[in-house]
Amino acid sequence: MRLLLVEDDAMIGEAIRAGLRREGFAVDWVYDGESASQVLRTEEFDLLLLDLGLPRKGGLQVLTDTRARGQELPVLIITARDAVCDRIQGLDAGADDYLVKPFDLDELAARIRALLRRKSGRIAPLVEHLGVILDAAAHRVMRDGREIALSPREFALLQLLMERPGTILSRARIEERLYGWGEEVESNAVEVHIHGLRRKLGADYILNVRGVGYRVRPA
Ligand code: CA
């Protein structure tokens, strides 16, 4: 899952990015509202983490513009402004949730997972497909009551594929979702992770649609 973080405070931004990467999210980070709007116009994200007090363009304006363009990605506002009127304004402008700084990183990650769940139309925190159960919150994958140990990237890739079992994902799209800017991606990285998943889940669990991409085997 790929997130855009908009935060002008270097220390807070670094802590959030590091914490969420540890949770397996790909996090791209911009420092001002104008850059956020530019990036949101051209790239696709699963969720927006938005500070309100930002240089060049306020977070509220970024949010209003995003919704005006018809973009429906979940938006979580993270801000030091704890005044009630700011929260109301943010939610009324189209934010989905609100967290007041300072906050706990575990809580932030849990709220993000909840928003992503809602976005995908799922209520249950578990994804199940052909006997494989993925628990996003606990970072665990189970089959036949046994845990299957995956690397963080393998886990993120499997989650991507299991969330949309009918969809074929191209290598480029997988790379885009798995890696943030500036993260070095080996040219065969996706193939390596696919290979790892097949070794652990069975060769036919993930299908390669020649020239198109990858999907999980249909039920
Ligand atoms: Ca700020």
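The centres of domain 1 and domain 2, taken over C-alpha atoms, are separated by 26 Å. Domain 1 covers residues 2-120, and domain 2 covers residues 126-216. I should state at once that this is a predicted model.

Let us consider how the two domains meet. On the side of domain 1, 17 residues are in contact with 14 residues of domain 2. Together the two domains bury about 1200 Å² between them, and 44% of that area is on carbon and sulfur atoms. Which residues of domain 1 lose the most area to domain 2? They are R2, E44 and R113, and together they account for 36% of what that side buries.

The interface also has polar features. Three salt bridges are found across the interface of domain 1 and domain 2, together with four residue pairs in polar contact. Strands β1 and β2 each supply at least two residues of the side of domain 1 that touches domain 2. The largest share of that side, five residues, comes from β2.

One salt bridge joins E44 to R173, with the closest N and O atoms 3.4 Å apart. These two residues belong to a network of salt bridges that links E44, D46, R173 and R177.

I turn now to salt bridges in the structure as a whole, where a search finds 19. R2, which I named at the interface, forms a salt bridge with D28, and the closest N and O atoms are 2.7 Å apart. D28 lies in strand β2, residues 26-30, and R2 in strand β1, so this pair ties together parts that are 26 residues apart in sequence. Are these two residues buried or exposed? D28 has a relative accessibility of 1% and counts as buried; R2 is also buried, at 2%.

A second pair is K101 and E7, whose closest N and O atoms are 2.8 Å apart in a salt bridge. K101 lies in the loop between β5 and α5, and E7 in the loop between β1 and α1, so parts that are 94 residues apart in sequence are tied together. Both K101 and E7 are buried.

A third pair is D204 and R217, whose side chains meet in a salt bridge at 3.7 Å, N to O. D204 is in the loop between α8 and β10, while R217 is in the segment after β11, so the pair ties together parts that are 13 residues apart in sequence. D204 is partly exposed, with a relative accessible area of 44%, and R217 is partly exposed as well, at 31%.

The next topic is the calcium ion. Which protein residues are its donors? They are D8 and D51, each through OD, and G53 through O, at 2.1 to 2.3 Å from the ion. Along the chain, these donors follow the spacing D-x42-D-x1-G. D8 lies in the loop between β1 and α1, and G53 in the loop between β3 and α3, so this pair ties together parts that are 45 residues apart in sequence. D8 is partly exposed, with a relative accessible area of 36%. G53 is likewise partly exposed, at 30%.

Finally, I draw your attention to D135, which is found in strand β7, residues 132-135. Its C-alpha atom is separated by 6.5 Å from that of P125, ten residues away along the chain. Leaving aside neighbours within four places in sequence, D135 is in contact with P125, L126, R140 and F155.

Terms used:
Residues numbered from 1 in each chain as written. Predicted model: local features only at pLDDT ≥ 70, side-chain atom pairs only at ≥ 80, totals over all residues. Heavy atoms only, no water. Donors = N, O, S within 2.8 Å, 3.2 Å for Na, K, Ca; no water. Helix = DSSP H or I, 4+ residues; strand = E, 2+ residues; numbered from the N terminus. Buried < 20%, exposed > 50% of the residue type's maximum accessible area, 1.4 Å probe, protein only. Salt bridge = Lys/Arg side-chain N within 4 Å of Asp/Glu carboxyl O. Contact = heavy atoms within 4.5 Å. Domains from an automatic or database assignment. Buried area = accessible area lost by both parts, 1.4 Å probe. Polar contact = N/O pair within 3.5 Å; in protein donor to acceptor, adjacent residues only side chain to side chain.
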